[in-house]
Every structure is written in C-alpha cells, then in structure tokens.
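User: Please take a close look at one part of this model, the lining of its enclosed space, and then set that part in the context of the rest. A formal, connected account would be appreciated.

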Amino acid sequence: MGSAVTMQRVTVLGATGSIGLSTLDVLARHPEQYRVFALTAHSRLAELEQLCLQHRPQFAVVPTEAAAKHLRGGLQAAGVSVDVLVGEAGLCAVAEHAEVDCVMAAIVGAAGLLPTLAAVRAGKKVLLANKEALVMSGALFMRAVREHGAQLLPIDSEHNAIFQCLPADYARGLSATGVRRILLTASGGPFREWTPEQLARVTPAQACAHPNWSMGRKISVDSASLMNKGLELIEACWLFDACPEQVEVVVHPQSVIHSLVDYVDGSVLAQMGNPDMRTPIAHALAWPARIDSGVAPLDLLQVAHLDFAAPDMQRFPCLRLAREAAQAGGTAPALINAANEVAVEAFLAERLAFMHIPQLVERVLEQVATRPVTSLECVLEADRQAREAAQRHLASA
Ligand code: NAD
Ligand code: MG
C-alpha cells in the first residue's frame, strides 16, 4: 500500500482575483492532495461560473441574491451542482465550515476582515494574502490565532520569505532567537526614479503597470505609492512580534530577493526566487513539505545584478505615514488603511491626484483620534470614521 495522502479541502476567498487565480493554478497541479471546497467573488461573476465548472466546489459565494440566482441558473444548465451562498454571512460560512481544512484569504481590503477572522476563530489553516485584515485588527487578530489554535501562514511574498528565513522557534521572541533585524525588500514600484513633477501627473494606468509583479489594481497603486510597503511593515510587526524599529525597508528593484533576516552573529539569510506569487502560495499550502508551484527556476546568470537603495520618504510619504501609525499603535493602522482605501478608489476613478493619496491619509489621521483597540467594534468604528472623514475631504476638494 502507498502512503495515504490526506486530502485537504480548501476555501478560496477572492477566487477571481490575482492571488485567487494563482492559488487555483497551484491547487490544480495537485489534485491528489487538494480539493477546492468553496470559491467566492464580488465581481467578474461570469469568471466565477467558469471557475465553478472547472473546479467543482461544494459552495460558491456571491455578493447579492440576484447574482446568486443567475449563478445557480448557469450551473444548473451545465448540470453542475454547487450550493450558492450570499454576502458576508456566506463568506464567513465557507471560511469556518467544519469540512474546510485550509482557507486562502485573498479578498482585497477591509472587506476581508470578518471572513478571515471567521477562519481564524474556527482554528483553520489560514493563508493570509489579505494584509489589510491584519493591519486593521493586529493584536486582536493575533490573539484569536493563538486562542483558537489557527495556523497562520503568510502569503505576501516578503512575509513568506521572512517566515522561511526565521528560526523555527521564532515565536519565543526575535531577540531570544538571535534575530537582529528584519529587512523588508521593496521593488520601489513603477515610479522609483520619477521626479516630484512627474509624480504629480501619474495616471491610474501608469500606477497599475508594475515592473515586476502582475497584481490587482488596489495593491498595484499601493505598490506605486509605497503604502503597500507601509502596510507590510505593520503586517511584519504583527506576524513576527517585531517592533517597528526592528523592520528596515530596503529598495531592491529586481524583486529577486523577497526579504531577509539579519542575525546577531552577522549572518543574513535571504529567500530568493522569480517574482511569481505561486511560490509563496505553494510554500504555505504544503508547509512544512514542498510541492511544485509551476514557477520557473531562478536563473541567477540572467538576473546578473542585485541592487539595493534606501527608500525616499520625501517622494513617497505613505511609507512614513505607515511607520508613524505602526509606532502610534491602537486604531492608527486601521485609520490609515481605511483612508488609503478611499483615496486609492478615488485615484482609480480619476477623482484624486496620485500625490493627494498621502495628503488625504494624513488629513484623516489628524482629524480622527487614535484609540486603543479593546474590541473588534473599536476597529470597525475606526474604519467607519476614517472612511467618513476621507469622503468629506473628497467632497470638499
Ligand atoms: P484582486 O483585486 O485581483 O482580487 C480581489 C478579490 O477579492 C476578487 O476575487 C474580488 O472579487 C474579491 N473582492 C473584492 N472586493 C470584495 C468585497 N467587497 N467583498 C468580497 N470580495 C471582494 O486583488 P489581489 O491582487 O488578488 O489581492 C488580494 C489580496 O492579496 C490583497 O489584500 C493584496 O494586498 C494581497 N496581496 C496580493 C498580491 C498580488 O500579487 N496580487 C501580493 C501580495 C499580497
Ligand atoms: Mg508584498
């Protein structure tokens, strides 16, 4: 008899997105190990229907009753039986379902918070791409991970790299395990070398054309403004119990080193690879084993050069704002996250200039008081207040 491989049932929250599709690509390479249990989407519902035909999940989740009716009709006509659920309650149901082993949290933004927390509270293996959920709810989220015995694995390429370079017992504390610093790499985005005059005229199409990574529109804009690196700094502090001073951002335009860990003895460990999210996805899915991800082997001779530089906080104030929010703690990260989501949406709709994104975030931070986080309600209230303040500024601008 061969060794029995246990079948893992996987829910993919945000299945139609860039991370969702990469996840399905990896899962489909290992049908003997993984079964797709549920797929969810908020838009691109025709694509969701195709994904249901291809992956035959037990559940699908869509935003409205009308969308559910349409999807049920389409799937029935194709002779495929899928239970279609609706809205946030549906998202939470497929995240915490008793038959689910593993949840890929790949919804973008604050919308992913409650379903991701539902997976955590059900003690699932949670693959975290949705950094905004952790940035918003930090201490609360990490406490829930511990209390419910969830297994949290980072999908963000930098955090996945750090996780791979940290000692196995890093949870005892970074200093206790000989870690001096975490070096968080940043590509610098498409505007790394642009002048302030050029930055003032950035268009959404330019911001969404990342030099190394193909990603959803919101994270592409965040990468261009360096808010993404700021959110990642906060994410790293929570995931690895680091203080903001222990996390240093290093610009590395080739995106081949995905981050590094610096030890007290002078050793610096890096994780490298081609910039393709299927590597961290496959790593987290199979951890501690390794599986094929479909990513081409790294050709160092072709890469030839690895460059490093300090980030420019003058031209990219979002990184400074996020570092300040990390230091302030409490609801400050939830405030910048919400203000940034509103600002990015306005920028993508051509209602806000690129350099007004940090300005709007800073205004909101000045206006809405930071409070300690004592409950989920505090976090949701901070999110609401920051969105309202940001919308008021947009309306008066
Ligand atoms: P995307 O825009 O391509 O996909 C987002 C997914 O979330 C889609 O399936 C969409 O239908 C769903 N969604 C959007 N709004 C929703 C809502 N209100 N309710 C429920 N579902 C909703 O985004 P992406 O690039 O795949 O990123 C997803 C998450 O992963 C983000 O948090 C991002 O920061 C993180 N991430 C992405 C990458 C990347 O390479 N794309 C890398 C690191 C981290
Ligand atoms: Mg990243």
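Analyst: **The largest cavity and its setting**

The largest share of the lining of the largest cavity, 3 residues, is supplied by α7. The model is predicted: local features require pLDDT of at least 70 and side-chain atom pairs count only at pLDDT 80 or more, whereas totals for chains, interfaces and linings use all residues. Residues are numbered from 1 along each chain as its sequence is written, chains are lettered from A and ligands numbered from 1 in the order in which they are written, and side-chain values use heavy atoms, without hydrogens and water.

The structure holds 1 cavity of 30 Å³ or more, and the volume of the largest cavity is about 40 Å³. (A cavity is a set of points on a 1 Å grid over the protein atoms alone where a 1.4 Å probe fits but cannot get out; a pocket is an open set with protein on both sides within 12 Å along at least five of seven lines; lining residues have an atom within 4 Å of a point.) Its lining consists of Ser157, Asn160, Ala161, Trp213, His258, Gln271, Asn274, Asp276, Thr279 and Pro280. Two or more of the lining residues come from each of α7 (157–165) and α12 (278–286); helices are DSSP runs of H or I with at least four residues, and strands are runs of E with at least two, numbered from the N terminus. By class, the lining of the largest cavity has 3 nonpolar, 6 polar and 1 charged residues (Ala, Val, Leu, Ile, Met, Phe, Trp, Tyr, Cys and Pro count as nonpolar, Asp, Glu, Lys and Arg as charged, the others, Gly among them, as polar).

For the wider setting, the chain is divided into domain 1 (8–154) and domain 2 (157–192 + 208–226 + 239–313), with bounds from an automatic or database domain assignment. The C-alpha centres of domain 1 and domain 2 are 25 Å apart, and their contact takes 24 residues from domain 1 and 22 residues from domain 2 (contact means heavy atoms within 4.5 Å).

The second largest pocket lies between the two domains, because domain 1 and domain 2 both give residues to its lining. The volume of this pocket is about 800 Å³. Its lining comprises 37 residues, with Met142, Trp238, Leu239, Phe240 and Asp241 nearest its centre. The elements giving two or more residues to this lining are α6 (131–147), β7 (151–154), α11 (227–240) and α14 (317–328). Of these, α6 provides the largest share, 9 residues. The lining of the second largest pocket has 27 nonpolar, 7 polar and 3 charged residues.

Helix α10 (residues 217–225) is largely enclosed by the rest of the structure, because 7 of its 9 residues are buried (under 20% relative accessible area with a 1.4 Å probe, protein chains only; over 50% is exposed, and partly exposed lies in between). The buried residues of α10 are Lys218, Ser220, Val221, Asp222, Ser223, Ala224 and Ser225. They pack against α6, α9 (204–207), α11, α14, α15 (332–348) and α16 (356–367). After α10 comes Leu226, which has a positive phi, near 70°.

Two cysteines complete the account of burial: Cys92 is buried, with a relative accessible area of 17%, and Cys318 is likewise buried, with a relative accessible area of 0%.

How values were computed. Grid points are joined across faces, edges and corners, and a volume is the space filled by probe spheres set on the points.
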